[in-house]
Amino acid sequence: MTSKTLRAAGLIALGLAAAGCSTTQPPSRTLAYQQPQPQPDPRIARMYGAEEDQGWRIPAVDPQKIEPRNIRQIVDYRTDETPGTLVVDPHARFLYLVMENGKAMRYGVGVGKAGLEFTGTGTIARKAAWPRWTPTPGMIEREPDKYGGELRHGMEGGIDNPLGARALYLFKDGRDTLFRIHGTNQEWSIGQAVSSGCIRMLNQDVIDLNRRVPDGSKIVVVDMDRSTAGTPNGEPTS
């Protein structure tokens, strides 16, 4: 066999060997691992979806931006208050509508400074849809640059109004306490302490509450001694 023939045979053998490696041991590839995104609960999406209300469009709330504890839900709730009573816990940042059989409908709320200035018992003497808003004298005194101009005369109801879609007004002994439960589009503020206002709820939640609570309903605003703040899930322990 000539030298040329030997070289050709060697090249063919090397080619076959390389081909054999490529078929039996393919180059390794690094596969990117993508964690599946959690799917929102369709029930919650419906609860907080966009809706039309008396000519105003309330935007949808992103369920993934709501803390699970702040989603409207029925919870165990032990209390001596009768069904139909509203219990506001501004320190735990929950509002409870007492139900039968040791249950309550619980709503997450945001609490402004005015929401900490009243404790005790009163009644819901007035309810309003898309109410007009006027800053209190205290708000004007504290922030004159913000509230002392044209806003001192108030703002008509609407989607940008600070009272939102509904407002419930707490009276005691026939007098307005200036304590309000009202709506908001600021989803980030639910479960938080905020700079102004009383007790704010998502607009979808305050509309739901307004349907359930008739005028004259009893409302109790608890102080820190009766608060569920710091207990598991914000529920009573005794």
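Buried residues account for 39% of the 238 residues in this chain. This is a predicted model, so please keep that in mind for everything that follows. The exposed surface comes to about 14100 Å², and carbon and sulfur atoms supply 52% of that area. On contacts: taking those between residues at least 6 apart in sequence, 67% join residues at least 24 apart.

Now the fold. There are five helices and twelve strands. Ten strands make up an open sheet with mixed pairing, and the order is β3-β6-β5-β4-β12-β8-β9-β10-β11-β7. At the edges stand β3, residues 73-76, and β7, residues 110-111; each has a single partner strand, so one side of each has no neighbour in the sheet. Helix α5, residues 203-212, packs on this sheet. The helix touches β4, β5, β6, β8, β9, β10 and β11, and its direction makes about 105° with that of β11.

I will spend a moment on strand β4, residues 86-89. Are its faces covered or open? Both are covered: Leu-86 and Val-88 are buried on one side, Val-87 and Asp-89 on the other. As a reminder, in a regular strand the side chains alternate between the two faces of the sheet.

What does β4 pair with? One partner is β5, residues 94-98, which runs antiparallel to β4 and is joined to it by four bridges. Leu-86 has Leu-97 as its bridge partner in β5. The hairpin of these two strands has four residues between them, and in it Arg-93 takes a positive phi near 65°. Strand β12, residues 218-221, is parallel to β4, with three bridges joining the two. Here Leu-86 stands opposite Ile-219, and Val-88 stands opposite Val-221.

Next, charged pairs. Side chains of opposite charge can pair when their charged atoms come close. Searching the whole structure gives ten salt bridges, and I will go through some of them.

Start with Arg-166 and Asp-53, which form a salt bridge with their closest N and O atoms 3.0 Å apart. Why does this pair tie together separate parts of the chain? Arg-166 lies in β9, residues 166-172, and Asp-53 lies in β1, residues 51-53, so the link spans 113 residues of sequence. Arg-166 is buried, at 8% relative accessible area. Asp-53 also counts as buried, at 10% relative accessibility.

Next to Asp-53 in the numbering, Glu-52 forms a salt bridge with Arg-57, the closest N and O atoms being 3.1 Å apart. Buried or exposed? Both Glu-52 and Arg-57 are exposed.

A further salt bridge joins Arg-132 to Glu-156, with 2.3 Å between the closest N and O atoms. This pair connects two loops: Arg-132 is in the one between β8 and α3, and Glu-156 is in the one between α4 and β9, with 24 residues separating them in sequence. Arg-132 is partly exposed at 40% relative accessibility, while Glu-156 counts as exposed at 55%.

Last, which residues are linked in a network of salt bridges? They are Arg-72, Asp-205, Asp-208 and Arg-212. Of these, Asp-205, Asp-208 and Arg-212 fall within the residue range of α5, 203-212, the helix that packs on the sheet.

Technical notes
Residues numbered from 1 in each chain as written. Predicted model: local features only at pLDDT ≥ 70, side-chain atom pairs only at ≥ 80, totals over all residues. Heavy atoms only, no water. Buried < 20%, exposed > 50% of the residue type's maximum accessible area, 1.4 Å probe, protein only. Contact = heavy atoms within 4.5 Å. Areas by Shrake-Rupley, 256 points an atom, 1.4 Å probe, with all protein chains shown as cover. Pairing = 2+ DSSP bridges. Salt bridge = Lys/Arg side-chain N within 4 Å of Asp/Glu carboxyl O. Axes fitted to C-alpha atoms, helices over the stretch in contact; angles between N-to-C directions.
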